Amino acid sequence: MKRMVVVGGGISGVAAAWTASNAAEEKGLEVEVTLVEKDESIGGKAKTVFDSEWMVETGPLGFLGSEPTVEELATAAGISDTLTDASSAAAHRFIARNGVMKEVPTNPLKFLFSGHLSPFSTLRILGEPLVSATSEGGEESIWEFCARRFGKGVADRLVHPMVLGVFAGDASQISMKAAFPMLPELEAEHGSVIKGLIAKAQAAKKSGDGAKPKRGLRTFSGGIQSLADAMIKSGKFAVRTSSCVEKIEPRVNGWWVVLKGGQAMKADSVVMASEAFATADALATDMPDLATTLREIPYPPVAVIGLGYTGDDAKRIKEGFGVLIPRTDRFRILGVTWDSKVFPGRTPKEGVLVRAMMGGTYDPMLGEMDEGEIAQIAQKEVGELMGLGGSPSFVHTKLWSNAIPQYDLGHIARVAKVEKLIAEAPGLWIAGNSLYGSSFGKAAARGVRVGNEVIDWMEKRGAGSGEQGAVQQKAH
Ligand SMILES: Cc1cc2nc3c(=O)[nH]c(=O)nc-3n(C[C@H](O)[C@H](O)[C@H](O)COP(=O)(O)OP(=O)(O)OC[C@H]3O[C@@H](n4cnc5c(N)ncnc54)[C@H](O)[C@@H]3O)c2cc1C
């Protein structure tokens with residue numbers, strides 16, 4: 001009997017435990033898989049709260065249909081019938097300028113002439129195919145890449161708020177190659193992002209399988225946490241909640257997983273699916289270089305404030321996905337999503353649920369505030385921005401002190417260093433969203449990959465291919 005311990009019960013850890021249990025069963029290997037989570041419940045950042053008739057997400061609203069792992073897991077876990085696509089309201093997206101919300105057309109031609117950009121910036125976008133591709137291959141920030149290819153107007157007015165919406169981060173600090181590798185790849189291959197996108201669209205048309213790829217936002221009718229819950233319910237692996245892992249110690253032919261309070265579990269393989277800083281704490285004594293590298297990944301605080309409106313205020317809320325608020329505007333909130341417009345059915349009759357986000361790289365002091373104070377600021381600003389007169393009928397606030405990993409410049413080198421150090425530690429894997437993609441779908445995909453790798457490694461090890469084989473299995 002081999003033992004695998006997964007540390008962290010977010011979607012990545014649950015996907016790793018689920019995948020490993022299934023893979024072991026398929027291969028006829030006896031592997032006892034245990035998931036250890038420090039919180040009272042499973043889900044990590046993807047927790048869904050039910051309060052009266054309101055259903056509010058405290059983290060991700062959904063996942064992108066272009067990330068197929070989530071749908072694959074949902075099918076395997078038997079909940080694909082609860083998959084829900086965003087409504088047509090999601091096509092309407094807004095940016096605030098001087099306190100006024102202005103729609104950003106999703107049609108590229110309509111966007112160019114929507115007045116969001118100056119005539120010069122519009123011409124600059126059209127001239128992108130003429131901008132020569134960089135041959136230096138260095139790591140640029142998202143802002144640098146976009147300013148170089150599309151002009152500073154686009155980088156400031158569109159890209160900055162978009163990065164706030166995705167990472168709660170600063171576009172001039174986050175690495176383009178680490179966060180959005182596809183765009184530098186298109187530049188490298190086609191000499192231009194626009195030319196590359198056109199070539200991709202033409203190739204997809206030519207391949208002609210007719211099926212339109214699902215690209216929009218999706219979730220589950222019972223909330224984003226349903227997926228982890230369904231995998232847990234399968235009973236395929238053991239789960240220990242309210243169990244904080246304090247230390248991971250290497251031992252001959254395995255590891256000790258030491259829990260707070262002194263209890264320890266022996267494991268042949270350990271998957272760290274906790275946040276990078278938490279993984280660093282657990283490994284600091286025996287792998288100090290790895291811990292130092294992981295601690296370089298910042299996690300700014302983010303608060304999610306769910307606000308439920310009824311009556312006249314509910315009627316005043318427009319159809320749409322939400323609004324992004326550039327840091328040049330006077331508001332402290334980063335943006336608002338109109339959750340029940342995008343995914344109806346999470347409110348009492350005729351209610352509207354919106355969620356405001358606060359914090360991020362620009363507002364590190366948010367982590368020091370209490371949730372009541374945060375909710376008051378959000379209520380006031382949402383009311384002002386959206387022209388609402390009264391108070392919300394429902395408020396739910398969640399402050400994540402360390403919310404979203406920032407793939408700052410240097411991230412690619414950090415990942416390479418982590419891979420090198422991990423390759424020297426047979427049986428140890430890193431899952432989670434700290435290295436290879438910070439979205440829900442990417443975290444799930446990383447969990448699946450690691451779950452399979454561990455079982456392949458155990459199979460080879462059992463068959464006597466030895467430690468060297470183990471190290472090679474882990475090469476990314
Ligand atoms: C506010 C917010 C909004 C988001 N919105 C979106 C979105 O709309 N779309 C999208 O795709 N993504 C979104 N994301 C990102 C998405 O939530 C994450 O990518 C995903 O949930 C990460 O899953 P994970 O399993 O890697 O990590 P986590 O969910 O962070 O799970 C890590 C787990 O490890 C546990 N842990 C830590 N230390 C220990 C320890 N010592 N012992 C035991 N357990 C430990 C933690 O308690 C936690 O449960 C959002 C994130 C946030 C915070």
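**Notebook: sheet, ligand shell, cores, Phe167**

I started with a small topic, the sheet: 3 strands make an open sheet ordered β5-β9-β6, with antiparallel pairing. β5 (63-64) and β6 (83-85) are the edge strands with a single partner each, so one side of each has no neighbour in the sheet. I noted that β5 is joined to β9 (residues 217-220) by 2 bridges, running antiparallel. Leucine 64 sits opposite leucine 217 in β9. For the record, strands pair if DSSP finds at least two bridges between them; strands (E, at least two residues) and helices (H or I, at least four) are DSSP runs, numbered from the N terminus.

Housekeeping: this is a predicted model, where local features need pLDDT of at least 70 and side-chain atom pairs count only at pLDDT 80 or more, while totals for chains, interfaces and linings use all residues. Residues are numbered from 1 along each chain as its sequence is written.

Next I looked up the ligand. Of the 38 residues around the ligand (C-beta atom, placed from the backbone, within 6 Å of it), Gly8, Gly10, Ser12, Gly44 and Pro60 come nearest. Elements giving two or more residues to this shell are α1 (11-27), α11 (276-283), β15 (302-309) and α17. The shell takes at least three residues from each of domain 1 (2-44 + 227-298 + 407-473) and domain 2 (48-89 + 301-400); the bounds come from an automatic or database domain assignment.

Then the cores, meaning sets of buried Ala, Val, Leu, Ile, Met, Phe, Trp, Tyr and Cys joined through C-beta atoms within 7 Å. Buried is 20 or more other C-beta atoms within 10 Å of a residue's own, exposed is 12 or fewer, and partly exposed is in between, with C-beta atoms placed from the backbone. In the largest core, of 67 residues, Val6, Val7, Val14, Ala20, Leu227, Val270 and Val271 touch the most other members. Helix α17 (residues 440-462) supplies the largest share of this core, 10 residues. Apart from it there is another core of 65 residues, including Trp143 and Phe343.

I also checked valine 14: beyond neighbours within four places in sequence, its contacts (C-beta atoms, placed from the backbone, within 7 Å) are Gly9, Leu35, Ile42, Ala228, Met231, Ile232 and Gly447.

Last, phenylalanine 167, which I found in helix α6 (residues 152-167). Phenylalanine 167 counts as buried because 24 C-beta neighbours lie inside 10 Å. Setting aside neighbours within four places in sequence, phenylalanine 167 contacts Ile174, Ile404, Gln406 and Ser438.

Note on methods. Two residues are in contact if their C-beta atoms, placed from the backbone, lie within 7 Å.
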